[in-house]
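Open the model in a viewer and keep the selection panel at hand. The tour below starts at one surface feature and then widens to the whole chain.

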Amino acid sequence: MQNLTGIITSEEYYCPSTSTEPKTKIIFSAINIPLSITAFVGNVLVIAFLPKVSSLHPPSKLLLGCLASTNLCVSLVAQPLYIILLLSSEYSKPCYYSGVLFNSTSTIFCAVSLMTLTAISVDRLLALTLGLQYRQVVTLRRVWVIIVCVWLYSTKNAVISIYILTIGYSIFAIEVILCIIVSTCCYTKIYQVLRQNQVHLQDNVHQGQQNGEQIALNVARYRKTVSTALWVQITLVASYLPFALVAAAVFFYGPLPNLAWYPPLALVMLNSTLSPFLYCWKIREMKQAVKDTITQMCCFCN
């Protein structure tokens with residue numbers, strides 16, 4: 001229910017008078033338990049083996065590491081709180097406090113993931129367009145400053161959403177739209193530049209230039225890096241866009257039934273599980289490192 005000012009407070013929202021079917025809560029709780037475990041294992045592997053990937057520039061590794069760390073926080077903090085919220089009865093302290101904590105932490109992690117993915121798309125565009133100046137422009141120090149600012153900004157939005165959910169959700173919906181627009185523009189520009197490079201490469205091969213093979217190798221290596229970021233970007237958009245639409249609906253139409261939140265939140269949690277598998281699938285060095293480690297562990301156990 002909305003109060004007289006038309007603003008929804010967190011206490012009014014998390015424990016509404018209309019209860020949800022208990023079987024539905026149990027089903028979504030059962031879904032999130034294995035997702036939390038697989039997300040934890042997968043992201044720990046990514047964080048452990050990412051430093052061994054020599055094909056990535058250190059700032060790019062830092063951005064991917066920030067994304068994996070955020071996904072790890074989701075599996076350790078947000079998903080357990082969400083399970084507690086689902087299994088808590090209405091009008092109880094666990095319902096309210098787990099709801100507030102889940103809302104604040106998930107707001108931070110979702111916003112950080114979105115902005116980090118957007119930063120990765122900008123990083124890939126700069127790497128392609130700046131050439132030799134890329135290492136001078138994109139440095140570890142600047143990337144660290146961006147990451148700290150992203151976390152501080154996301155924390156501020158989480159504090160706002162604790163007291164006024166409608167404003168917090170509207171800000172998040174706007175963030176999703178802006179991040180999708182920026183990332184789409186970056187990857188569209190990347191596709192155009194790569195296509196021009198492909199035409200230029202074919203001209204060099206026809207003219208018999210000696211550096212044609214080297215250009216082909218660099219373009220192929222860059223395509224693999226962009227492909228990895230693009231797959232993660234597509235997964236993130238597919239996971240968070242339904243949540244953003246429901247958040248926008250809350251802003252325009254007021255509180256929605258709890259059941260309307262369950263599928264979008266399940267997709268958000270699924271993203272933390274899918275991202276590390278995309279890393280291992282698309283980055284060959286990381287895939288090989290994971291395989292070697294698993295082989296060594298099996299040999300040790302035997």
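## A nonpolar patch on the surface

Helix α2 supplies five residues to the nonpolar patch, which is the largest share. The model is a predicted one.

Select α2 as residues 22–49, then add α3 as residues 58–87; each of these helices supplies at least two residues of the patch. Now show the side chains of Ile33, Ile37, Phe40, Val41, Val44, Leu76 and Val77, which form the patch. Together these residues have about 560 Å² of accessible area.

Next, centre the view on Ile37, which sits in helix α2. Is Ile37 buried or exposed? Its relative accessible area is 53%, and the cut-off for exposed is over 50%, so Ile37 counts as exposed.

## The whole chain

Clear the selection and colour the protein chain by secondary structure. Which elements appear from the N terminus on? The order is α-α-α-α-α-α-α-α-α-α, and the count comes to 10 helices and zero strands.

Switch to a surface display of the protein chain. The accessible surface is about 16000 Å², and carbon and sulfur atoms account for 69% of that area.

Then colour by relative accessible area. Of the 302 residues in the protein chain, 47% are buried.

Last, display contacts in the protein chain between residues at least 6 apart in sequence. Of these contacts, 81% join residues at least 24 apart.

Technical notes
Residues are numbered from 1 along each chain as its sequence is written. This is a predicted model: local features need pLDDT of at least 70, side-chain atom pairs count only at pLDDT 80 or more; totals for chains, interfaces and linings use all residues. Side-chain values use heavy atoms; hydrogens and water are left out. Helices (H or I, at least four residues) and strands (E, at least two) are DSSP runs, numbered from the N terminus. Buried means under 20% relative accessible area, exposed over 50%, partly exposed in between (1.4 Å probe, protein chains only). Contact means heavy atoms within 4.5 Å. Accessible areas come from the Shrake-Rupley method with a 1.4 Å probe; for residues, only the protein chains shown count as cover. Patches are made of residues with over 30% relative accessible area and no salt bridge: like charges are joined within 9 Å, nonpolar side chains (Val, Leu, Ile, Met, Phe, Trp, Tyr) within 5 Å. A salt bridge is a side-chain nitrogen of Lys or Arg within 4 Å of a carboxyl oxygen of Asp or Glu.
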